[in-house]
Amino acid sequence: MCAPARPFVHEEHLPGVGTFRILPLDPAVDCPTIHAWAGQERAAFWGMNELTSSQITDIYSELGNVTTHHAFMVEKDDEPVALLQTYEPEADRVGECYEVRSGDIGIHLLLAPAGPEGSHAGWTASLSAVIATYVLCGLDRRRVVTDPDVRNQKAIDRLLRQGFVAGPVVVLPEVDLPEVHLPEKHAQLAFLPREVVFPDGS
């Protein structure tokens, strides 16, 4: 008997690319995959290189109890391709570093490693378009905010190619709580206004 399909919050078919779905994260199902991705050197800036699968499961299980931060698995043609996290900037440390506007939404994105066939031209742009549609239209927001590590030039360049506008370089303060520890982070803020993605006003 087949397992029931997991509910998704967004589905989009891109001709010639595939069908994307964004699903609320299920820690028990998804965290082994996240552990495999986050443990690679390419994901060093994600900050989970040294964590075990069980520790990552605990982190995302705890996140599920928070109403201002959410985690999702992004699938293409039923295969996981990215971890998406969204958050309310005023409830996050980034909100201490810039003037939050009504309609802002923050995101973090961890891409799956390229498969045996390697990466495909335009692949990241397709994924980013799907995510932008979900967070800007599906969640009815006006601007996406992101804060890559200032040393992660590859990610910064990718964001600028996708239409993000570079903001200031800021220092995100350390967070040291019983349930989470985040070290101080030098970050490059970047913003994606809704009108850049949807100039027709949709």
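## Two helices

Helix 1 and helix 2 pack at an angle of about 130 degrees, and their axes lie 9 Å apart. That angle makes helix 1 oblique to helix 2, because it falls outside the 65 to 115 range counted as roughly perpendicular and is not over 145, the cut-off for roughly antiparallel. The crossing of helix 1 past helix 2 is right-handed. This is a predicted model.

Which residues meet here? From helix 1 come P27, C31, P32, I34 and H35; from helix 2 come S53, I56, T57, Y60 and S61. The contact residues divide into six nonpolar and four polar, with no charged residue.

## The sheet

Eight strands form an open sheet. Their order is 1-2-3-4-5-6-10-7, and the pairing is mixed. Strand 1 (10-14) and strand 7 (165-172) are the edge strands, each pairing on one side only. On average, neighbouring strands are turned by 25 degrees against each other, direction ignored.

Strands of a sheet pair through backbone hydrogen bonds, either parallel or antiparallel. Strand 6 (residues 143-146) pairs with strand 10 (residues 185-193) in the antiparallel sense, over four bridges. In this pair, R143 stands opposite P193 of strand 10.

## Helices on the sheet

Helix 1 (residues 27-38) packs on the sheet. Helix 1 touches strand 2 (18-24), strand 3 (69-76), strand 4 (79-87) and strand 5 (104-111). The direction of helix 1 makes about 90 degrees with that of strand 4.

Helix 2 (residues 53-63) packs on the sheet too, touching strand 3 and strand 4. The direction of helix 2 makes about 115 degrees with that of strand 3.

Note on methods:
Residues numbered from 1 in each chain as written. Predicted model: local features only at pLDDT ≥ 70, side-chain atom pairs only at ≥ 80, totals over all residues. Heavy atoms only, no water. Pairing = 2+ DSSP bridges. Axes fitted to C-alpha atoms, helices over the stretch in contact; angles between N-to-C directions. Contact = heavy atoms within 4.5 Å. Parallel < 35°, antiparallel > 145°, perpendicular 65-115°, else oblique. Left-handed = near helix turned anticlockwise from the far one by under 90°. Nonpolar A, V, L, I, M, F, W, Y, C, P; charged D, E, K, R; others polar.
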